[in-house]
Amino acid sequence: MTKNAVAIRAERLTVTRGSHRVLHDIDLTVTRGAITGLLGPSGSGKTTLMRSLLGVQIIESGTVTVLGKPAGDPALRRRVGYVTQAPSIYPDLTVRENIAYFARILLGRGARGAIDEAIATVGLEAQAGQLAATLSGGQASRVSLATALLGAPDVLVLDEPTVGLDPVLRASLWDLFTQIAARGCTLIVSSHVMDEAAHCDDLVLLRQGKIVFRDNPSALLAATGLTSYDDAFLALVTREPGSGTRPTSSHDKDTDR
Ligand SMILES: Nc1ncnc2c1ncn2[C@@H]1O[C@H](COP(=O)(O)OP(=O)(O)OP(=O)(O)O)[C@@H](O)[C@H]1O
């Protein structure tokens, strides 16, 4: 992997949903192999931005390029995984059957190795034969994550994967994300829990559809002079628009690959 290579680039991205302008002229680059945290209050546009990166959102203007191709390009289908907020699994199938079903669609026959690997990666070997309807919330989320890992994606987009989980489970999921990124996968993880910023290599803070901060976690604390991510975030989101920290960082100079 080229150091600082760009996995995703959005330029002048503007999105309107219904009569509401949700994203305003967003410029963003995402570094390959990094964990980028997409943080912001409820309704700030995180899901809409993720949908735009995935190519499933109608955009009003601007461009989004993923791994050098337009977002949503058919060639990206296996290279980009998406885990939605609500686990997308069948309750009447077991963990293994759920994963096998998606493996059949994505990889065709002979996907047994990939199924076993996905189950092991998310640590659900003991639950493999259990009906999804009987799983805990955290286990159900991990089944969803396993299905997204099946094609060994180069980019993984996770929409609030830790919401509603206890601190122990949250920590173990973040460990897992770190392992996945260490294999070279680019992760974009949204959250409105600011402390989760600490697990990320890069941060994108959204407020009312605009980027109010873009740099690494320690730069966020340095920029605000505060010691907690919660306080730093609050300081930024309550600041008048236009008076804040520079919204983009030096990442933005790198070339697409
Ligand atoms: N289909 C839609 N039609 C009109 N407005 C929409 C639609 N979907 C989302 N919105 C609005 O767009 C804004 C951004 O929504 P989005 O789901 O992207 O925010 P979010 O940051 O992901 O929020 P949360 O953390 O609550 O999931 C919100 O004001 C929402 O009400």
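1. A residue is called buried here if 20 or more other C-beta atoms lie within 10 Å of its own. Keep that cut-off in hand for strand E7, residues 155-158. Val155 and Val157 point one way from E7, Leu156 and Leu158 point the other way, and all are buried. As background, side chains in a regular strand alternate between the two faces of the sheet. One thing to know before reading on: this is a predicted model.

2. Who are the neighbours of E7? On one hand there is strand E6 (residues 80-83), which pairs with E7 in the parallel sense over 4 bridges. To find the register by eye, start at Val80, whose bridge partner in E7 is Val155. E7 also pairs with strand E8 (residues 186-191), again in the parallel sense and over 4 bridges. Here Val155 stands opposite Thr186 in E8. Val155 is therefore a handy place to begin, being one of the buried residues of E7.

3. Next, follow the chain to Asp92, in the loop between E6 and helix H2. Is Asp92 buried or exposed? Asp92 has 9 other C-beta atoms within 10 Å, and a residue with 12 or fewer counts as exposed, so Asp92 is exposed. Asp92 still has partners from elsewhere in the sequence: leaving aside neighbours within four places, Asp92 is in contact with Leu131 and Ala133. Ala133 is 41 residues from Asp92 in sequence, yet the two C-alpha atoms are 6.3 Å apart in space.

4. Helix H2 itself (residues 95-107) is worth a look beside helix H4 (residues 137-149). Their axes come within 9 Å and cross at roughly 30°. Angles under 35 degrees count as roughly parallel, and H2 and H4 are therefore roughly parallel to each other. The crossing of these two helices, H2 and H4, is right-handed. On the H2 side the contact is made by Val95, Asn98, Ile99 and Phe102, and on the H4 side by Val143, Ala146 and Thr147. By class, the residues of this contact are 5 nonpolar and 2 polar, with no charged ones.

5. H2 has another helix to meet: H3, residues 112-121. The axes of H2 and H3 come within 9 Å and cross at roughly 130°, which makes H2 oblique to H3. The crossing of H2 and H3 is right-handed. From H2 come Val95, Arg96, Ile99, Ala100, Ala103 and Leu107, and they meet Ala114, Ile115, Ala118 and Ile119 of H3. This contact of H2 with H3 has 9 nonpolar residues, no polar ones and 1 charged. Val95 and Ile99 are worth marking on your display: they take part in the contact with H4 and in the contact with H3.

6. Now turn to the start of the chain, where strand E1 (residues 6-17) and strand E2 (residues 20-31) pair in the antiparallel sense over 8 bridges. One pair to look up is Val15, whose bridge partner in E2 is Leu23. The hairpin of E1 and E2 has 2 residues between the strands, and Gly18 in this hairpin takes a positive phi near 60°.

7. How are the strands ordered in the open sheet of 4 strands? The order is E2-E1-E4-E5, with antiparallel pairing. E2 and strand E5 (69-70) stand at the edges with a single partner strand each, so one side of each has no neighbour in the sheet. Strand E4 (residues 61-66) and E5 pair over 2 bridges, and the bridge partner of Val66 in E5 is Lys69. Helix H1 (residues 46-54) packs on this sheet, touching E1, E2 and E4, and the direction of H1 makes about 120° with that of E1.

8. H1 is mostly covered, with 8 of its 9 residues buried. Among them are Leu49, Met50, Leu53 and Leu54, but also Lys46 and Arg51. Just after H1 comes Gly55, with a positive phi near 80°.

9. Last, a helix pair further along the chain. Helix H6 (residues 217-224) and helix H7 (residues 229-237) pack at an angle of about 60°, with their axes 9 Å apart, which makes H6 oblique to H7. H6 passes H7 in a left-handed crossing. Leu220, Leu221 and Thr224 of H6 meet Tyr229, Ala232, Ala235 and Leu236 of H7. The contact of H6 with H7 has 6 nonpolar residues, 1 polar and no charged.

Technical notes:
Residues numbered from 1 in each chain as written. Predicted model: local features only at pLDDT ≥ 70, side-chain atom pairs only at ≥ 80, totals over all residues. Axes fitted to C-alpha atoms, helices over the stretch in contact; angles between N-to-C directions. Parallel < 35°, antiparallel > 145°, perpendicular 65-115°, else oblique. Left-handed = near helix turned anticlockwise from the far one by under 90°. Contact = placed C-beta atoms within 7 Å. Nonpolar A, V, L, I, M, F, W, Y, C, P; charged D, E, K, R; others polar. Pairing = 2+ DSSP bridges.
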